[in-house]
Amino acid sequence: MKMELDLIQEMIKQVLEEIKEEGVEVSSKEEYGYGVFDSMVEAIDASEKAQKELFECSVQQRDKFVDAIRAEILKKENLEMISYDAVEETKIGRVEDKIIKNRVAAENTPGTEDLKTRAITGEDGLTIEEYCPFGVIGSITPTTNPTETLINNSISMIAGGNTVVFSPHPRAKKVSIKLVKMMNKALEEAGAPRNLITMVKEPSIENSKIMMESPKVRLLVATGGPAIVKQVLSAGKKAIGAGAGNPPVVVDETADIEKAAKDIVSGASFDNNVPCIAEKEVFAVESVVDQLIYYMKKNGAYEITSPEVLEQLDKAVSKENGKPNPSLVGKSAKELLALVGINVDDDVKLVIARTNKDHHLVTEEMLMPILPIVSVSDVDTAIDWAYEAEAGNRHTAIMHSKNVDKLTKMAKKLEATIFVKNAPSYAGIGVGGEGHTTFTIAGPTGEGITSAKSFCRIRRCVMSEALSIR
Ligand code: NAD
């Protein structure tokens with residue numbers, strides 16, 4: 001028996017030697033971390049090597065690679081696992097909504113079809129302008145959409161011919177590692193170069209700093225609050241910033257109030273209000289505000305009528321500096337109400353309360369299913385107050401109205417990247433609304449609803465005095 005084993009071992013050794021001599025790379029599956037590295041420097045180096053290999057692949061191959069990511073994520077067991085794990089680890093949001101968000105990220109993020117070549121022809125010949133990769137992209141991602149952003153960015157960036165090094169929020173470390181490995185495995189099975197997506201085992205601010213400073217990282221993308229957007233914009237290289245919002249909703253007397261109420265509750269309670277696009281405060285004209293609240297309550301909202309209880313809740317969910325208490329971000333309405341001794345059923349999805357326009361819950365982006373409602377004399381004032389509450393983020397705004405002039409007025413005044421009319425806010429990212437999905441809405445730097453082309457450089461190729469066939 002021992003002799004047989006020795007013989008087999010010897011044979012394996014010989015085969016491996018032969019393969020090595022033929023120049024085929026040998027490494028065991030155990031040694032290969034599917035894109036997860038001990039150090040940021042290794043993650044960047046591997047990404048740089050992978051990008052050179054990807055650049056040698058055809059655009060059709062890139063298509064195949066992004067399709068492999070989509071197919072892997074869309075397997076029912078994977079969708080459910082990453083959605084569950086994200087909530088379990090971050091303690092933010094609702095599993096059923098994360099499933100929807102992860103699904104649209106996989107299905108509805110554009111691939112290489114987004115990269116349209118421009119051709120200019122004339123007596124001087126033919127010039128083309130094409131979307132080309134930057135190279136290695138460093139992407140910093142939020143706790144609130146941890147898996148959604150990884151899926152969405154990976155598809156967009158790889159479709160653009162780039163590789164990506166992620167720096168996820170440390171609070172979403174485990175699920176990010178699992179997802180990066182899952183996507184790399186699927187990519188490898190589809191014949192893609194290894195390490196198209198990398199990250200470090202221990203994400204941290206220090207590791208993000210190494211990434212931001214590395215000359216090998218050619219483009220930085222930050223999806224998060226104002227601090228990290230400012231950081232990447234000060235890094236001395238091209239950066240895309242997808243920052244915070246505080247989306248207001250205006251409801252005027254021409255709106256279908258019953259539908260508006262239902263849509264607002266759906267949007268504001270989606271994933272417990274953590275999406276940056278979710279409804280954060282309502283300005284309703286006084287002639288319809290009672291009716292609006294009535295229908296909101298019929299659709300899963302709980303109204304706090306006592307100003308004292310509201311102040312108690314506001315205090316309980318806020319830090320001393322007025323910022324939301326991070327451990328309560330993305331908690332359910334039921335859990336938040338329990339903080340002030342109110343016990344409700346699971347079908348309560350949203351807390352609502354009447355406030356004045358300068359209330360802390362109106363002015364601060366809380367990322368919790370607590371929605372202040374402000375009564376306003378007329379629609380023009382409502383638009384002005386919505387503009388104030390949005391505070392120049394120019395991120396997202398929502399309006400329920402059938403008056404085209406007022407809809408136009410609000411759209412123009414707020415200059416938001418996303419303006420949703422007569423629907424829940426999530427219609428703006430392709431859930432029940434036309435258009436592709438993104439989880440990196442780049443307002444501050446202007447790329448808007450990002451897709452593959454947002455992460456590309458435009459390069460011109462000129463053929464002089466020929467190939468114009470008109
Ligand atoms: P956050 O700003 O706390 O964290 C975002 C990322 O930046 C994390 O990976 C975090 O580790 C990192 N980070 C934060 N400060 C840093 C620093 N000084 N140095 C290095 N890294 C740093 O945000 P969050 O709580 O995870 O996410 C919620 C915020 O993100 C909200 O303000 C929301 O509006 C915004 N957001 C915006 C978009 C968009 O597309 N515009 C999408 C999702 C979330």
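**Note on the ligand site and the two domains**

1. In this predicted model, an N or O atom in the side chain of E365 lies 2.6 Å from an oxygen atom of the ligand. Taken alone, the ligand exposes 830 Å², and the protein buries 86% of that area.

2. Backbone atoms also take part in the polar contacts: a backbone N or O atom of T143 is placed 2.8 Å from an oxygen atom of the ligand, and for H169 the corresponding distance, again from a backbone N or O atom to an oxygen atom of the ligand, is 3.2 Å.

3. The shell around the ligand comprises 26 residues, of which T141, T143, G225, E365 and I441 come nearest. Sorted by class, this shell holds 11 nonpolar residues, 14 polar residues and one charged residue.

4. As for the site itself, the ligand takes up the space of the largest pocket.

5. The protein chain is divided into domain 1, assigned to 29-243 + 450-459, and domain 2, assigned to 248-433. Their C-alpha centres are 32 Å apart, and across the boundary 14 residues of domain 1 are in contact with 14 residues of domain 2.

6. Where does the ligand lie with respect to domain 1 and domain 2? Residues of the shell around the ligand are given by both domain 1 and domain 2, and therefore the ligand lies between them.

Key. Residues numbered from 1 in each chain as written. Predicted model: local features only at pLDDT ≥ 70, side-chain atom pairs only at ≥ 80, totals over all residues. Heavy atoms only, no water. Near = heavy atom within 4 Å. Polar contact = N/O pair within 3.5 Å; in protein donor to acceptor, adjacent residues only side chain to side chain. Areas by Shrake-Rupley, 256 points an atom, 1.4 Å probe, with all protein chains shown as cover. 1 Å grid on protein atoms, 1.4 Å probe; cavity = no way out; pocket = protein on both sides within 12 Å on 5 of 7 lines; lining within 4 Å. Sits in = over half its atoms within 2 Å of the grid points. Nonpolar A, V, L, I, M, F, W, Y, C, P; charged D, E, K, R; others polar. Domains from an automatic or database assignment. Contact = heavy atoms within 4.5 Å.
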